[in-house]
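Q: Please take a close look at one part of this predicted model for me, the sheet with its pairings and surroundings. I'd like the details in one go, and a word on how the rest of the chain compares in detail would be welcome.

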Amino acid sequence: MKAYQVKDAWEEETVIVFAKGGAEARRKGAKQLGIDFEEVSSCTRTPSFDKYAGQGGIPAEAYINAGWWLECSGCYAKIDDDFCTPPSDAENAAGYAAEHGRPWSPPVFAGPDVWCCQDCKTDYERRRRAEKRARDALPRYLRRYFPGTVFVSGSASEFRKGDRNAFVHFSFPGSKWTADLTVRACQSSVRNGRDKGRLMVSQQDVDAWQAFRGLPKEAAA
Ligand SMILES: [Zn+2]
């Protein structure tokens, strides 16, 4: 397997794929980019990445060393070779601090991911943990406020430090579609169930929902 660099027609995104030949690389690249085969603008050999074939991915550091830039997994800062190089003197250090709002510290690499600094990685991991806790609390939350419904899936994301949007998809007796519940809540209120959120039930399921909740027909959701 050889490494190929595949670009989209708008030259906005480039991916590296491994393939036996150009046609296969083009097909794989298009799939990864989420575009049609005809929308690939170029597909060229990049032998410097050949050694990563069959290794389950290219380390972020290898991209940087080859002159690419990547986004920080935590804050989307642009990370290139310059960014990874310590300032050469006090003036450069001051320039860096002014531009980035913090003194230079080395980016942190982990497999295919890179973070602009250790603090950003720590914060990213804290967010992921908090989101997981919020997600894990959703079935319990649903049982408490809408007993008798069936949890289908849920997700949670932080939109501001400490605040989360949580989404719950669930079914209920007689429903044709899953109903969606959006809870804009901090994690503690998802956990404590103080915020009842915004409920969306399919138009076709409104009667079934009202019957299930024992609501009179006039009190349309
Ligand atoms: Zn960052």
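A: Strands here are DSSP runs of E with at least two residues and helices are runs of H or I with at least four, both numbered from the N terminus. Two strands count as paired if DSSP finds at least two bridges between them. Residue numbers start from 1 along each chain, as its sequence is written. Since you have a predicted model, local features need pLDDT of at least 70, side-chain atom pairs count only at pLDDT 80 or more, and totals for chains, interfaces and linings use all residues.

Now the sheet itself. It's an open one made of three strands in the order E2-E1-E3, with antiparallel pairing. Strand E2 (14-19) and strand E3 (40-45) sit at the edges with a single partner strand each, so one side of each has no neighbour in the sheet. Ignoring direction, neighbouring strands are turned by 30 degrees against each other on average. For that angle, axes are lines fitted to C-alpha atoms (for helices, over the stretch in contact), and angles run from 0 to 180 degrees between N-to-C directions.

Helix H1 (residues 22-33) packs on this sheet and touches E1, E2 and E3. The direction of H1 makes about 135 degrees with that of E2. A contact, by the way, needs the C-beta atoms of two residues, placed from the backbone, to lie within 7 Å.

Let's go along the pairings. On one side, E1 and E2 are joined in the antiparallel sense over six bridges. Those two strands form a hairpin with five residues between them. In that turn, Glu-11 has a positive phi of about 55 degrees. On the other side, strand E1 (residues 2-8) is joined to E3 by five bridges, again antiparallel.

If you want a residue to start from, pick Tyr-4. Tyr-4 faces Val-17 in E2, and the bridge partner of Tyr-4 in E3 is Arg-45. Moving along, Gln-5 has Ile-16 as its bridge partner in E2. Then Val-6 stands opposite Cys-43 in E3. While you have the strands up, keep in mind that in a regular strand the side chains alternate between the two faces of the sheet.

Val-40 is another good one to click on, as it lies in strand E3. Leaving out residues up to four places away in sequence, Val-40 touches Val-6, Asp-8, Arg-26, Gly-29, Ala-30 and Ile-35. Val-40 counts as partly exposed, because 18 C-beta neighbours lie inside 10 Å. The scale is this: 20 or more other C-beta atoms within 10 Å of a residue's own make it buried, 12 or fewer make it exposed, and anything in between is partly exposed, with C-beta atoms placed from the backbone. Trp-10 is 30 residues from Val-40 along the chain, and their C-alpha atoms are separated by 8.9 Å.

For the wider setting, the chain holds seven helices and 11 strands. Of its 221 residues, 20% count as buried. Looking at contacts between residues at least 6 apart in sequence, 42% join residues at least 24 apart.

Outside the sheet, helix H5 (residues 118-145) deserves a glance. H5 has 28 residues and reaches 40 Å from first C-alpha to last, close to the 40 Å expected at 1.5 Å a residue; the expected span is 1.5 Å times one less than the number of residues. There is a kink of about 35 degrees at Leu-138, shortly before the proline Pro-139, where the bend is the angle between axes fitted to the seven residues ending at a residue and the seven starting there. The buried residues of H5 include Cys-120, Ala-134, Leu-138 and Tyr-141. Arg-133 is also in H5, and it's partly exposed because it has 14 C-beta neighbours inside 10 Å.

One more oddity is Tyr-76, in the loop between strand E4 (70-71) and strand E5 (78-79). Tyr-76 has a positive phi of about 65 degrees although it isn't a glycine, and it is exposed, with 10 other C-beta atoms within 10 Å.

Last, confidence: pLDDT is the predictor's confidence in each residue, from 0 to 100. The chain's mean pLDDT is 87, and 88% of its residues reach 70 or more. Go easy over residues 186-193, where pLDDT stays under 50; the model has 20 contacts beyond four places in sequence for that stretch.
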